[in-house]
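Got your viewer open? Load the model below and keep the selection box handy.

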Amino acid sequence: LPFAAAESLTNRPIFLNLIPNSFYPTYMEGRWGMRRAQVAFSHPILFGVFASSALGLFWYILRPAFMRVTGVLASVSATLFSLSTGAYLSIVAQSIFIFWEQLTHRINWRWRLFILLSIAFYILIDVMSTRTPFHVLVSYASFNSGSAYSRILIWEWGIDNVANRPWFGLGMDVVNWDRPYWKSASADNFWLLTAMQFGLPAVISFMAAIVMIIWNTSRTSLTDKMAKRCQAGYLTALGGIFLAGGTVHYWNQMLAFAMFFFGSGVWLFTTSTEPVADTQTQSETETAGSNIPVYSRFPPH
């Protein structure tokens with residue numbers, strides 16, 4: 001946060017300048033009279049999504065209250081300095097998830113109701129507007145009309161690219177995807193670009209894996225209070241990263257982080273969170289007297 005604030009207000013990539021032989025800073029048009037902070041990331045929008053992912057985790061997990069408030073304010077403030085629509089979408093989405101959870105926590109089927117209301121809201125926009133819900137969302141979720149038009153253009157041409165090469169995509173030739181001659185190769189949509197590069201089977205399998213993680217994690221009944229807070233925080237942050245992927249492409253540091261994060265909560269439904277008795281476990285018994293640690297990637301002899 002301090003480096004992001006200093007970078008935005010001084011219009012200098014301070015953190016990158018401190019790192020010898022780091023990658024070249026991204027220079028682009030500022031917003032609201034400030035530089036879009038990228039700190040140690042390849043692009044400001046990547047830093048913004050990364051900073052925003054802490055919101056759900058801090059809200060549910062940090063204790064006591066002053067630590068939670070401090071963490072949430074730090075996450076939101078750092079995200080704001082990125083001046084990026086995709087990062088702001090992640091903050092808004094997580095805030096909605098948190099508000100809904102607080103409002104309906106006594107209702108067991110609250111998230112089914114949330115999905116139904118979201119579908120109803122989508123249909124309502126489709127009926128009442130002369131534009132598609134996608135066009136409406138993009139127009140309101142962009143800093144300016146130029147940014148909105150660019151995202152609409154990427155979606156329309158990207159869909160055509162997927163339709164023309166649905167099975168295996170463009171592969172390494174994705175930089176030459178069909179588009180207007182004056183449009184850059186940048187495609188601000190991680191899920192669409194994955195389909196364009198690797199085909200529909202790849203993106204469907206990828207998204208299905210994430211949905212399975214969300215499904216299994218959300219349906220796991222936990223008794224440990226900390227584990228339950230981890231469950232809520234993980235699902236909230238994961239939802240923000242997942243949705244933000246529709247407005248930004250993940251690469252370099254953020255891609256590595258996103259992949260790590262998608263799998264980092266699997267322990268919630270694959271490992272017992274019950275308090276462990278102070279006795280020697282079977283694994284410890286098997287490895288007793290050996291130099292192999294209990295938790296190791298090497299099997300016991």
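What follows is a tour, stop by stop, of what to select and what is there.

**Before you click**

This is a predicted model, so local features need pLDDT of at least 70, side-chain atom pairs count only at pLDDT 80 or more, and totals for chains, interfaces and linings use all residues. Residues are numbered from 1 along each chain as its sequence is written, and side-chain values use heavy atoms, with hydrogens and water left out.

**The whole chain**

Start with a cartoon view. The chain has 15 helices and zero strands (DSSP runs, H or I of at least four residues for helices, E of at least two for strands, numbered from the N terminus). Of its 301 residues, 39% are buried; buried means under 20% relative accessible area, exposed over 50%, and partly exposed in between, with a 1.4 Å probe and protein chains only.

Switch on a surface if you like: about 17,800 Å² is accessible, and carbon and sulfur atoms own 66% of that (Shrake-Rupley, 1.4 Å probe; for residues, only the protein chains shown count as cover). As for contacts (heavy atoms within 4.5 Å), take those with a sequence separation of 6 or more: 61% are between residues 24 or more positions apart.

**Stop 1: helix α1**

Select residues 2-10, which is helix α1. Which residues of α1 are buried? They are Ala-4, Ala-5, Glu-7 and Ser-8. These sit on the same side of α1, because they cover an arc of only 165° around the axis (the arc is that of the directions from the helix axis to the C-beta atoms). The general background: an α-helix has 3.6 residues a turn, so residues three or four places apart point the same way.

Spin the view to the face turned away from the buried side, and you'll find the exposed Pro-2 and Leu-9. The buried residues of α1 pack against α2, α3 and α5 (65-82). Just past the helix, Asn-11 has a positive phi of about 60°.

**Stop 2: the salt bridges**

Now show the charged side chains. There are three salt bridges, where a side-chain nitrogen of Lys or Arg lies within 4 Å of a carboxyl oxygen of Asp or Glu.

- Arg-35 and Glu-7: the closest N and O atoms are 2.9 Å apart. The pair links distant parts of the chain, 28 residues apart, with Arg-35 in the loop between α2 (14-17) and α3 (44-52). Arg-35 counts as buried because its relative accessible area is 5%, and Glu-7 is buried at 0%.
- Glu-101 and Arg-110: this bridge is 3.0 Å, N to O, and both residues are buried.
- Asp-178 and Arg-165: the N to O distance here is 3.6 Å. Both sit in the loop between α9 (145-164) and α10 (190-198), 13 residues apart. Asp-178 is partly exposed at 34% relative accessible area, and Arg-165 is partly exposed at 30%.

**Stop 3: the nonpolar cores**

Hide the charges and select Phe-47, Trp-191, Tyr-250 and Phe-262. Within the largest nonpolar core, which has 48 residues, these four touch the most other members. A core here is a set of buried Ala, Val, Leu, Ile, Met, Phe, Trp, Tyr and Cys residues joined through side-chain atoms within 4.5 Å. Helix α12 (residues 225-244) gives the most to this core, eight residues.

Zoom in on Phe-262. Setting aside neighbours within four places in sequence, its contacts include Trp-191, Phe-206, Ile-210 and Tyr-234. Then look for a second, separate core of five residues, with Leu-55, Tyr-60, Val-72 and Ile-91 among them.

**Stop 4: Thr-217**

Go to helix α11 (residues 200-219) and pick Thr-217. Buried or exposed? Thr-217 is buried, at 0% relative accessibility. Beyond four places in sequence, Thr-217 touches Gln-231, Tyr-234, Leu-235, Gly-265, Leu-268 and Phe-269.

**Stop 5: Gly-246**

Next, find Gly-246 in the loop between α12 and α13 (252-264). Gly-246 is partly exposed, at 29% relative accessibility. Draw a distance to Gly-86: the C-alpha atoms are 8.0 Å apart, although 160 residues separate the two along the chain. Leaving out neighbours within four places in sequence, Gly-246 contacts Asp-188, Asn-189 and Trp-191.

**Last stop: a nonpolar surface patch**

Finish on helix α7 (residues 110-128), where you'll find Leu-124. Leu-124 is partly exposed, at 44% relative accessible area. Leu-124 belongs to a nonpolar surface patch with about 1,000 Å² of accessible area together, whose members also include Ile-115, Phe-121, Tyr-122 and Met-128. Patches are made of residues with over 30% relative accessible area and no salt bridge: like charges are joined within 9 Å, nonpolar side chains (Val, Leu, Ile, Met, Phe, Trp, Tyr) within 5 Å.
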